[in-house]
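Here are my notes after going through the model you sent over. Have it open while you read, as the points are best followed on screen.

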Number of protein chains: 2
Amino acid sequence: MIEPKTLPGFMELLPSEQIEFNNIKEKIQKSYEKFGFLPLDTPVIESSEVLLAKAGGETEKQIYRFNKGKNDLSLRFDLTVPLAKYVAEYWGELSFPFKRYQIGKVYRGEKAQEGRYREFYQCDIDIIGDEELSLRYDAELPSVIYETFKNLGFEKFTICINNRKILNGLFEELGLSGCSADILRIIDKIEKIGKEAVEKEIANLGVEDAKINKILQFIEIDGSTDEKLEKLKDLGIESQLFNTGVSELTEVIKQIRMYKVPEKNFKIDLTIARGLDYYTGTVYETFLDDYRKLGSVCSGGRYENLAEYYTNRKLPGVGISIGLTRFFYQMRKENILENTKKSISKVLIAPMSENEMDYASEVGRILRNANINTEIYLEDKKLKAKFKYADKLAIPYVAVIGEEEKQNNTVTVKNMETGEQENLELGKVVEKLQFTANFR
Amino acid sequence: MIEPKTLPGFMELLPSEQIEFNNIKEKIQKSYEKFGFLPLDTPVIESSEVLLAKAGGETEKQIYRFNKGKNDLSLRFDLTVPLAKYVAEYWGELSFPFKRYQIGKVYRGEKAQEGRYREFYQCDIDIIGDEELSLRYDAELPSVIYETFKNLGFEKFTICINNRKILNGLFEELGLSGCSADILRIIDKIEKIGKEAVEKEIANLGVEDAKINKILQFIEIDGSTDEKLEKLKDLGIESQLFNTGVSELTEVIKQIRMYKVPEKNFKIDLTIARGLDYYTGTVYETFLDDYRKLGSVCSGGRYENLAEYYTNRKLPGVGISIGLTRFFYQMRKENILENTKKSISKVLIAPMSENEMDYASEVGRILRNANINTEIYLEDKKLKAKFKYADKLAIPYVAVIGEEEKQNNTVTVKNMETGEQENLELGKVVEKLQFTANFR
């Protein structure tokens, strides 16, 4: 006998949780589709040569990599590298700007710890341009984020926006371009480690106090969105990169307003750098206002060149990602999820005996034809056991079918929440169940 | 520069094909849910010890197996073994009969050849009983198959039904139980290799001619469903197993009729054994009448004990599986798929210039709020390029927005198929687009 055990770091849910998870996944998908993003579904396994074209350091250590026959294979660790491969491979057959979404599992052999998963869903959207891509897409993404989180039932969340050119331009001005990546990485942690630690870490890089002060003065710019933009302009920094960044950010903010994303749902946050060297312009992070400690639940940004390792064509893009598995884990832990158990079936048909099976199957057929998810309980059990089954599965209605119901072409419908019970004609049953709230 | 290449044996689709694929996958899912099957999503990676508890021979050779740290891991090669693990692991928290569906990718390192995939989707449903499971579920599954293929748009398909006890009982009667698995495997190929080859192969096992004749006489039983059942009873075979099989099959057929599966969509086929030793009762295969050569597109059956390697509890079950990736490949190759390109967006909004961007975003918001998938083309391109983009993506409508439209609060909507163009008030646009056929 072998112990049936799921590996640590791999999320596996009970059915009622899985329904909830799928519900969220589907809402994200529908939100993405509403903006015209096209579906992709690339393989989980790729040749290591392709997948690791760029990778290095930490990423490479976490990869699930193995040989099969004479092939050196790896499991994808994100959905961006497969997208780069895909766009380079099928470039001639795609229409640009290429807007795609992909919702799929990715793999990272991280140290197993609570809330960290080795297999997890990413829900990505990206817009890829051929040689160029309008800044307008940078402004469209926050409107997609807004729509998506609204559809997930959230109201209090903030999309934080910044532009990497502003930061990089500042470092250019200060003559710190050489260690800008290091400084950005440190700034990125300010929320976690605090201002003083940031100061100290930057000093450790050998940066002079005056410059550190300038950096901190910059980071601490506050006020309304428009005030921040003004203050940025007032800093008198001459770096062209800096000023391009400010004007891009100004334009993006203007257009986000055009998309009618409410003022309370976005803000400029000059400390956001997104650790990766990858991003070159607009960057996003999204926080739940009441659960700021969860960290960003939706992040991304603009990059200059998606697929430089695979093609000479310049493919700029902008994208965001929701790490759904971790997000779901967090929502469950913080009790952000609705506290109602969800079911797939709206009604359980409970035939009293063998004699009513034919009528039960007819009722089932009629309900399903009316698009009502319907399970027929087929075991010979006492009625009590059937009610218990429906209760455990959170099925909202039980349709009891006995001799009388069969003779009169009726059904006795019990509302499992209120306990109410009524005897209804078949047509009325359809009507009743069709217009009561379903789990979706 | 690294060549961007997808591995052979891994299906990767262009967006319009992916939309079609997802459409089919969703229809299968909704069909399964209509009967109350609960969703599961087990990990792709399992510990090799768990996954290979039973495997051996061919299966084991095909497994993607590797080490990560000190762990011996494997990718799942079907969805049944993970189900067995799952039910054994969470037995105390599940409700029985446990009806679950799982739609997910599985991995087999088969020799790459056309139409054979190393990564492919399986769409499984199973009903698992705790210690026992009513035969009624054996009859429910054909009604699920019927509903599913009807929802996929098929009319001419046949669900072939048999019972392994009949075959096993026959062998018992003939004193051939020792080589019954071998004989079943040979019979299973009758469609492919023909009657004579079957005769010869069975003779090669050392079976006497008289017995071979009896087997063939049995296999060749023909007539209507009821005639076949009669002829089976008339064979005068005394084996109890055989007679249990015949009475189970009779009962299953009776109930399939109760579920109103049309006579033309099911039949008894006594040659179906389903190679695997796994099945112990009812077995199913499903064929498209006009594409018989594709082989079975949906197969399964009843098994005695799902999880004997993981638990002492007896967990009988019955299930079916659709190998979606191969099926999709076949449908595309045989031109069974509808010949229309599908899109995600119902309309592309084409603003004439920067000046109309604000109004364009307003129109987009109104359409999306009415649940209409809407893309706004944001690049500064000539109108012609925007039409071409919509055409390539098969987006059915383009909403042109110029100075006049903005001033009058209207939209000029062009039907991309007919070329018709009309200027409509905003409210009318919603109405028009909402009630035209969508891709789904």
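The points below take up the chain B sheet, the way the two chains meet, and one helix pair in chain A.

1. First, a reminder that this is a predicted model, so please read everything below in that light.

2. The sheet in chain B is open and has 8 strands, in the order 1-5-6-11-10-9-7-8, with mixed pairing. Its edges are strand 1 (38-39) and strand 8 (266-268) of chain B, each of which pairs on one side only.

3. Have a look at the strand 1 edge. Strand 1 of chain B pairs with strand 5 (residues 98-107) of chain B in the parallel sense, over 2 bridges. If you want a residue to click on, Pro39(B) stands opposite Tyr101(B) of strand 5 of chain B.

4. Which strands does helix 12 of chain B lie across? Helix 12 (residues 240-258) of chain B covers strand 7 (157-163), strand 8 and strand 9 (279-288) of chain B, and runs at about 150 degrees to strand 7 of chain B. Strand 8 of chain B is one of the edge strands from point 2.

5. Now the two copies. A turn of 180 degrees, with a shift of 0.0 Å along the axis, lays chain B on chain A with an RMSD of 0.1 Å. The copies are thus related as by a two-fold rotation axis. To find that axis on the chain B side, go to Phe66(B): its C-alpha, at 3.0 Å, comes closest to the axis among the residues of chain B.

6. On the interface itself, 72 residues of chain B are in contact with 71 residues of chain A. Helix 1 (residues 15-34) of chain B gives the largest share of the chain B side, with 6 residues. By class, that side of chain B has 34 nonpolar, 14 polar and 24 charged residues. As 99% of the interface residues of chain B are also interface residues in chain A, the copies meet through the same surface.

7. Last, a helix pair in chain A. The axes of helix 7 (residues 180-187) and helix 9 (residues 195-204) of chain A come within 9 Å and cross at roughly 165 degrees. Helix 7 of chain A and helix 9 of chain A are therefore roughly antiparallel, and the crossing is right-handed. Ile183(A), Ile186(A) and Ile187(A) make the contact from helix 7 of chain A, while Val198(A), Glu201(A) and Ile202(A) make it from helix 9 of chain A. That contact comprises 5 nonpolar, no polar and 1 charged residues.

Definitions and conventions
Residues are numbered from 1 along each chain as its sequence is written. Chains are lettered from A and ligands numbered from 1 in the order in which they are written. This is a predicted model: local features need pLDDT of at least 70, side-chain atom pairs count only at pLDDT 80 or more; totals for chains, interfaces and linings use all residues. Two strands pair if DSSP finds at least two bridges between them. Helices (H or I, at least four residues) and strands (E, at least two) are DSSP runs, numbered from the N terminus. Two residues are in contact if their C-beta atoms, placed from the backbone, lie within 7 Å. Axes are lines fitted to C-alpha atoms, for helices over the stretch in contact, and angles run from 0 to 180 degrees between N-to-C directions. Copies are superposed by least squares on the C-alpha atoms of residues with pLDDT of at least 70 in both. Ala, Val, Leu, Ile, Met, Phe, Trp, Tyr, Cys and Pro count as nonpolar, Asp, Glu, Lys and Arg as charged, and the others, Gly among them, as polar. Angles under 35 degrees count as roughly parallel, over 145 as roughly antiparallel, 65 to 115 as roughly perpendicular and the rest as oblique. A crossing is left-handed if the near helix is turned anticlockwise from the far one by less than a right angle, and right-handed if clockwise.
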